[in-house]
Amino acid sequence: MKLSHNARPDQTWLRALMFTIFGSTVLVVSYFQLFFSHLGFSRAEIGYLYGIGPLVSVFSNMFWSMASDRYKTVRKVMIILLAGQFITGILLANATTFGEVFILVSLFYFFYYPIYPLADTMAITTANKYGRNFTTIRVFGSIGYAFFALTIGYFLGSFGVGWTMWLCIVLAGTTFLISLRLQDQPSGGSTKMDLSGLWAILKRRDVLSFFACVFLLAMGHRMNEAFLTITLKELGAGEGLIGWSLLISSVSEIPIFMLLSKYGSRYKELPLIAFAALMYALRLLLMSISHTPEAVVAIQFMHSVTFGIFYVTAVRYITNLVPDEYRATGMALFTIVWSSLAGLLSGTLGGLLIQHAGRQTFYLTAMTFSLAALLGFGLKLLFGVTRRTG
């Protein structure tokens, strides 16, 4: 019997959670640095505070996701993480010295980063429960990001960046209350997670080659993401135009997510991922030859055919690549490669390149990473590297 929409409250609450947690993304990615500057920290100190996030996330993602797989619960782990964000947010709002902020923001990141792979894990499991595509849930994260990109910008513009952490507290508290209404979805199958089995999976050639290609593509993506606002500033863009560039990126994902949720299963994953890598290379090439802020903003529409196609398809590929009992851990590994490791290296390499070689060389190097990823995915497609299909 087909369930009505009202008989699926777990989907409704999970969509609400996706909507609110991406509000925190707007704050952490776009406004934390301004808040630290408001506290009077130097650029070097702000750089340390920014860089500690990807480093902490390498360990926190694996710790909490393995705990989720081990104890067969996603909801309880997410409740702990959101409570941790709420408490550390309160402490951060009252911290003033660099030492205090450094310790507290490290703790905040420890609870912040693992939320996203766990939310995706719950979205995958809940969608499978009702025979739906997980993008019908995940798309609410993009809608939330677009909504908060506008509202938070206007709010902080009116009341000042000193309210950043209090907004973060409100969002964490709201998301925590929503998490209490979720129905727990075990992160894997009925088989209990065995660490020796996980190690056997990580040694598989198809798994290693896939994550290696993901890392190459992530380098190009993260280089562009980390220095997009700097590029716009150098080209003379104002704060309003920068805000619109962020909004365009998030909104452009939504139609692609909806199309892939309806038609994506008709196509094999690797050709779609290879196409996304090709579009990344084209996007970064265009960035290297753009000389006006309006052109750079227009290029952000390509976020739909780059990240939009890649992310949804890569998640679908991972669910087939990794057994169910390791699902949360598999998503955590994907997040570590895509966000943490690439974030650390792309920031360091990108900063040196853009400072010493210039913007054009910077973007051409990012394009080269995308082309290398395209070659890797193409070879996997050509030689048919085997993978798990059920």
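Helix H13 gives the most to the lining of the second largest pocket: four residues come from this one helix. Keep in mind as you look around that this is a predicted model.

So what is this pocket like? It holds about 230 Å³ of space. Of the 13 residues that line it, the closest to its centre are Ile124, Asn128, Phe134, Arg316 and Thr319. Two elements give two or more residues to the lining, namely helix H5 (115-129) and helix H13 (304-321). How do the lining residues divide into nonpolar, polar and charged? There are four nonpolar, six polar and three charged residues. If you wonder how anyone finds a space like this, rolling a probe the size of a water molecule over the atoms shows where empty space is left.

Now for the charges. Side chains of opposite charge can pair when their charged atoms come close. A search of the whole structure finds four salt bridges, and here are some of them.

| Salt bridge | Closest N and O atoms |
|---|---|
| Arg138 and Asp120 | 3.9 Å apart |
| Arg222 and Glu225 | 2.5 Å apart |
| Glu269 and Arg316 | 3.6 Å apart |

Let's start with Glu269 and Arg316, since Arg316 has already turned up among the residues closest to the pocket's centre. Those two residues form a salt bridge, with the closest N and O atoms 3.6 Å apart. Glu269 sits in helix H11 (residues 269-289) and Arg316 in helix H13, so the pair ties together parts that are 47 residues apart in sequence. Is Glu269 buried or exposed? Glu269 counts as buried because its relative accessible area is 6%, and the cut-off for buried is under 20%.

Next come Arg138 and Asp120, whose closest N and O atoms are 3.9 Å apart in their salt bridge. Arg138 belongs to helix H6 (residues 135-159) while Asp120 belongs to helix H5, so this pair links parts that are 18 residues apart in sequence. Both of these residues are buried. You've met helix H5 before, by the way: it is one of the elements that line the pocket.

Finally, take a look at Arg222 and Glu225. Where do these two lie? Both are in helix H9 (residues 205-234), three residues apart, which is about one turn of the helix. Arg222 counts as buried because its relative accessibility is 12%. Glu225, on the other hand, is partly exposed, as its relative accessible area is 41%; partly exposed covers what falls between the 20% and 50% cut-offs.

Definitions and conventions
Residues numbered from 1 in each chain as written. Predicted model: local features only at pLDDT ≥ 70, side-chain atom pairs only at ≥ 80, totals over all residues. Heavy atoms only, no water. 1 Å grid on protein atoms, 1.4 Å probe; cavity = no way out; pocket = protein on both sides within 12 Å on 5 of 7 lines; lining within 4 Å. Points joined across faces, edges and corners; volume = space filled by probe spheres on them. Nonpolar A, V, L, I, M, F, W, Y, C, P; charged D, E, K, R; others polar. Salt bridge = Lys/Arg side-chain N within 4 Å of Asp/Glu carboxyl O. Buried < 20%, exposed > 50% of the residue type's maximum accessible area, 1.4 Å probe, protein only.
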